[in-house]
Amino acid sequence: MFVKIVCMTVAGMAILLAFDTPEERGKDLFVRRCSGCHALDTEKEGPRLRGVYGRQAASLRGFAYSDALKKVTTRWDDAGLDRWLSDPDTVAPGTDMEFRVANRDERKALIAYLKSLAGTHGGYLHVSVGRTPWSARVPLDPLCS
Ligand code: HEC
C-alpha cells in the first residue's frame with residue numbers, strides 16, 4: 001500500500017512537471033540545440049551534462065577538455081552558465097565549444113533544466129534529511145514497475 005502511494009505521488013509529480021515549466025522548455029531546447037554534441041550520461045563531442053550544475057568546470061575524468069576550459073576552476077552556477085551559453089569564449093578563450101545561445105529566456109530555461117538534473121543519477125531520487133550529512137538514494141524503477 002505504501003509503495004503504491006509513493007508511486008502514485010511520483011507519477012502525480014511527473015504529471016505536474018509535464019506542464020510548460022521553464023525546466024520543460026529547457027529540456028525541449030536541450031534536445032534541439034545541445035544534444036547534437038551532448039548527452040546526459042555519455043560523452044559525445046562535448047562532455048555529459050547530467051549533474052553539470054554545481055560541478056566544477058572541466059572536472060570529468062575521461063573527457064578530453066581543451067586547455068582553455070581546464071584553466072577554469074569555478075563551479076557551474078546560474079551566472080557562470082549564463083555567461084558560458086551567451087559566449088563560451090568569454091569564459092574560456094579558445095574553448096572547443098563553438099556554440100552560443102543568444103536569447104536570454106532560452107538560456108534561463110536551459111539553466112533551469114540543467115539545475116533540475118543536478119541531484120539525479122539515472123532512475124534514482126536523492127533524499128537528504130535536513131542538514132544531516134547523509135543522504136539516501138532511492139531507486140524508483142524497481143518499486144514502480
Ligand atoms: C557543436 C558542439 C556543441 C554544442 C552544440 C554544444 N556544446 Fe557544450 N560543449 C561542447 C564541447 C566540445 C565542450 C568542451 C569544451 C572544452 O573542452 O573547451 C562543451 C562543454 C560544455 C559545458 C562545460 C562542461 C564541463 O564539464 O565543464 C557545458 C556546461 C556545456 N557545454 C553546455 C552546453 C549546452 C547547455 C548546450 C546547448 C545549448 C551546448 N553545450 C551545446 C560542444 C558543444
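**Exercise 1. Phe30**

Which residues does Phe30 touch, not counting residues up to four places away in sequence? Find them in this predicted model, then place Phe30 in the fold and decide whether Phe30 is buried, partly exposed or exposed.

*Solution.*
- Step 1: Locate the residue. Phe30 sits in helix H2.
- Step 2: List the contacts. Leaving out residues up to four places away in sequence, Phe30 touches Ser35, Leu110 and Tyr113.
- Step 3: Check a long-range distance. Phe30 and Ile111 are 81 residues apart along the chain, yet their C-alpha atoms are separated by 9.8 Å.
- Step 4: Count neighbours. Phe30 has 18 other C-beta atoms within 10 Å. Buried needs 20 or more, and exposed means 12 or fewer. Phe30 is therefore partly exposed.

**Exercise 2. Packing of H2 against H6**

Work out how the axes of H2 and H6 cross, and which residues make the contact.

*Solution.*
- Step 1: Take the axes. Those of H2 and helix H6 (residues 104–116) come within 7 Å. They cross at roughly 100 degrees.
- Step 2: Classify the angle. The range 65 to 115 degrees counts as roughly perpendicular. H2 and H6 are therefore roughly perpendicular to each other.
- Step 3: Name the contact residues. H2 contributes Pro22, Glu23, Arg25, Gly26, Lys27, Leu29 and Phe30. H6 contributes Glu106, Lys108, Ala109, Leu110, Ala112, Tyr113 and Ser116.
- Step 4: Sort by character. The contact of H2 with H6 holds seven nonpolar, two polar and five charged residues.

**Exercise 3. The largest nonpolar core**

Identify the members of the largest nonpolar core that touch the most other members, and say which helix gives the largest share.

*Solution.*
- Step 1: Size the core. The largest nonpolar core has 15 residues.
- Step 2: Pick the best-connected members. Val52, Tyr53, Leu85, Leu110, Tyr113 and Leu114 touch the most other members.
- Step 3: Trace the sources. H4 and H6 each supply at least two residues of this core. The largest share, five residues, comes from H6.
- Step 4: Follow one member outward. Leu85 touches Val101, Arg107 and Leu110, with residues up to four places away in sequence not counted.

**Exercise 4. Trp76 and Ala58**

Compare the settings of Trp76 and Ala58: for each, give the loop and the burial class.

*Solution.*
- Step 1: Place Trp76. Its loop lies between H3 and H4.
- Step 2: Classify Trp76. There are 23 other C-beta atoms within 10 Å, so Trp76 is buried.
- Step 3: List its contacts. Neighbours within four places in sequence aside, Trp76 is in contact with Val52, Tyr53, Gly54, Arg55, Ala57 and Leu81.
- Step 4: Place Ala58. This residue is in the loop between H2 and H3. With 18 C-beta neighbours inside 10 Å, Ala58 is partly exposed.
- Step 5: Relate the two. Trp76 and Ala58 are 18 residues apart in sequence and 9.9 Å apart in space, C-alpha to C-alpha.
- Step 6: Inspect the backbone. Phi of Ala58 is near 50 degrees, a positive value in a residue other than glycine. Most residues other than glycine have a negative phi.

**Exercise 5. Arg83**

Is Arg83 buried, partly exposed or exposed, and what does Arg83 touch?

*Solution.*
- Step 1: Arg83 lies in helix H4.
- Step 2: Arg83 has 13 other C-beta atoms within 10 Å, so Arg83 is partly exposed.
- Step 3: Arg83 touches Thr90 and Val91, residues up to four places away in sequence not being counted.
- Step 4: The C-alpha atoms of Arg83 and Arg107 are separated by 9.4 Å, with their positions 24 residues apart along the chain.

**Exercise 6. The ligand shell**

Which residues come nearest to the ligand, and which helices each supply at least two residues of the shell?

*Solution.*
- Step 1: There are 28 residues around the ligand. Cys34, Cys37, Gly46, Ser66 and Met97 come nearest.
- Step 2: Helix H2 (22–34), helix H3 (67–70) and helix H4 (78–86) each supply at least two residues of the shell.
- Step 3: The shell divides into 19 nonpolar, five polar and four charged residues.

**Exercise 7. The whole chain**

How many helices and strands does the protein have, and in what order?

*Solution.*
- Step 1: Seven helices and two strands are present.
- Step 2: Along the sequence, the pattern is α-α-α-α-α-α-β-β-α.
- Step 3: Of the 145 residues, 16% count as buried.

Notes. Residues numbered from 1 in each chain as written. Predicted model: local features only at pLDDT ≥ 70, side-chain atom pairs only at ≥ 80, totals over all residues. Near = placed C-beta within 6 Å. Helix = DSSP H or I, 4+ residues; strand = E, 2+ residues; numbered from the N terminus. Nonpolar A, V, L, I, M, F, W, Y, C, P; charged D, E, K, R; others polar. Axes fitted to C-alpha atoms, helices over the stretch in contact; angles between N-to-C directions. Parallel < 35°, antiparallel > 145°, perpendicular 65-115°, else oblique. Contact = placed C-beta atoms within 7 Å. Core = buried A, V, L, I, M, F, W, Y, C linked by C-beta atoms within 7 Å.
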